[in-house]
Amino acid sequence: MAEQTTLPEGVGDPTSTPDGGTTGPGKRPETPGTKPDAAVVRDALGVGIAVGLSGFAFGVTSAGSGLSLLQTCVLSLAVFTGASQFALVGALAAGGNPYTAAAGAFFLGVRNSFYGLRLSQLLALPRPLRPFAAQWVIDETTAVTLPQPTRRAARIGFAVTGLTLYVLWNLTTLLGALGAEALGDTETWGLDAASPAVFLALLAPMLRTTTERVTAALAVLLVLGLLPVLPAGVPVLLSALAAPAVLFLNGRRDGTARAAEGRREPDRSAAGTEENR
C-alpha cells in the first residue's frame, strides 16, 4: 500500500479561499477585482428600466410636436439616442427649420462615436457583432460598461443594459405617442424633462473630481445663458466648450505653480550655499 501524503491544510482544497475560508462545495473563490454576474445584471437592469420608461415622455413630446405615430416610432427604433431625439422634436415644436433641427440632433449624437472608440477596445466583440452593438452605444450603456472590472462583466453590463433599454424605450415610445391625445397639452406635464433628469441622476455620481464638477457646472451655465438668445438645440452643442475652457484654465494654473516652484528652488540652493560657508 502506497504511503499517503498529507498536504498542509488549505492546499489543494478546491473549496478553500486565500484567507483560509471556504466557499462551500462546488464553488470557486472569487478572484480579487471580479464582480458577480448577478450584481452586473442587477445594475444593468436598474439603469435600463429607469431610463427605458422615460421613452413614454418622448412619445408624448414627439406626438405633441406634430410628428405622426409612425415617425415617432421610427425615430426611436433607428436613432435610439434620447438626447438627440428630444433635441429634434423640441426644435420642431419651437418652430425651427427641420433641416436645422436634424443637424442639431446629428451633432449631439456624434458623441456616441467617441464612446464607441473606447467601448470597442473594452468589449473586443467579434467582428460580425459590431454593427449590431453599435446601435446600443449610448450614454447609459457606456455608463454601465466602463466601470466594470473585467471584460466579461463589461460585456454582460453592455448587453443587458442595451437590450433592456432598447425594448422598453421603443415600447414606451409607442404607448406615449398613443396616449398623447388623451393627455392634452404635453408642456403642462413637463414630460420633456424626464429623460434629461434621469441622465443627470446617472451622471452626478461620476463627477468625482473638482475639474469634472467645475466643467459640469460651467456647461449648465452656458446652456441657461444661451437658451434665450439661440435656436433650440444650439445651446446644448455650445455647452461642450466648457471642457476645453476648464482644461485651458487648469493648464495655466499648473504652469504658474511650476514657475513659482522653479523660482523658489534657486532661493533654497543659495541659502544652502550660504550655510556651508
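How much area does the protein chain expose, and what share of it do carbon and sulfur atoms supply? In this predicted model, the exposed area of the protein chain is about 17,400 Å², of which carbon and sulfur atoms supply 65%. The chain has 277 residues, and buried residues make up 31% of them. Its secondary structure consists of 13 helices and zero strands, so that, read from the N terminus, one α element follows another. When contacts between residues at least 6 apart in sequence are considered, 68% of them join residues that are at least 24 apart.

Helix α4, which covers residues 82-93, offers a check on helical geometry. At 1.5 Å a residue, its twelve residues should span 16 Å, and the C-alpha atoms at its ends are indeed 16 Å apart, which agrees with the expected value. The buried residues of α4 are Gly82, Ser84, Gln85, Phe86, Ala87, Leu88, Val89 and Ala91. Just after this helix, Gly95 adopts a positive phi of about 90 degrees.

On the surface, a nonpolar patch is formed by Phe56, Leu69, Leu171, Leu174, Leu175 and Leu178, which together have about 500 Å² of accessible area. The most is given to this patch by helix α9, residues 151-183, with four residues. Leu175 is located in helix α9, and Leu175 counts as partly exposed because its relative accessible area of 45% falls between the limits of 20% for buried and 50% for exposed residues.

Methods: Residues are numbered from 1 along each chain as its sequence is written. This is a predicted model: local features need pLDDT of at least 70, side-chain atom pairs count only at pLDDT 80 or more; totals for chains, interfaces and linings use all residues. Side-chain values use heavy atoms; hydrogens and water are left out. Helices (H or I, at least four residues) and strands (E, at least two) are DSSP runs, numbered from the N terminus. The expected span of a helix is 1.5 Å times one less than its number of residues. Buried means under 20% relative accessible area, exposed over 50%, partly exposed in between (1.4 Å probe, protein chains only). Contact means heavy atoms within 4.5 Å. Accessible areas come from the Shrake-Rupley method with a 1.4 Å probe; for residues, only the protein chains shown count as cover. Patches are made of residues with over 30% relative accessible area and no salt bridge: like charges are joined within 9 Å, nonpolar side chains (Val, Leu, Ile, Met, Phe, Trp, Tyr) within 5 Å. A salt bridge is a side-chain nitrogen of Lys or Arg within 4 Å of a carboxyl oxygen of Asp or Glu.
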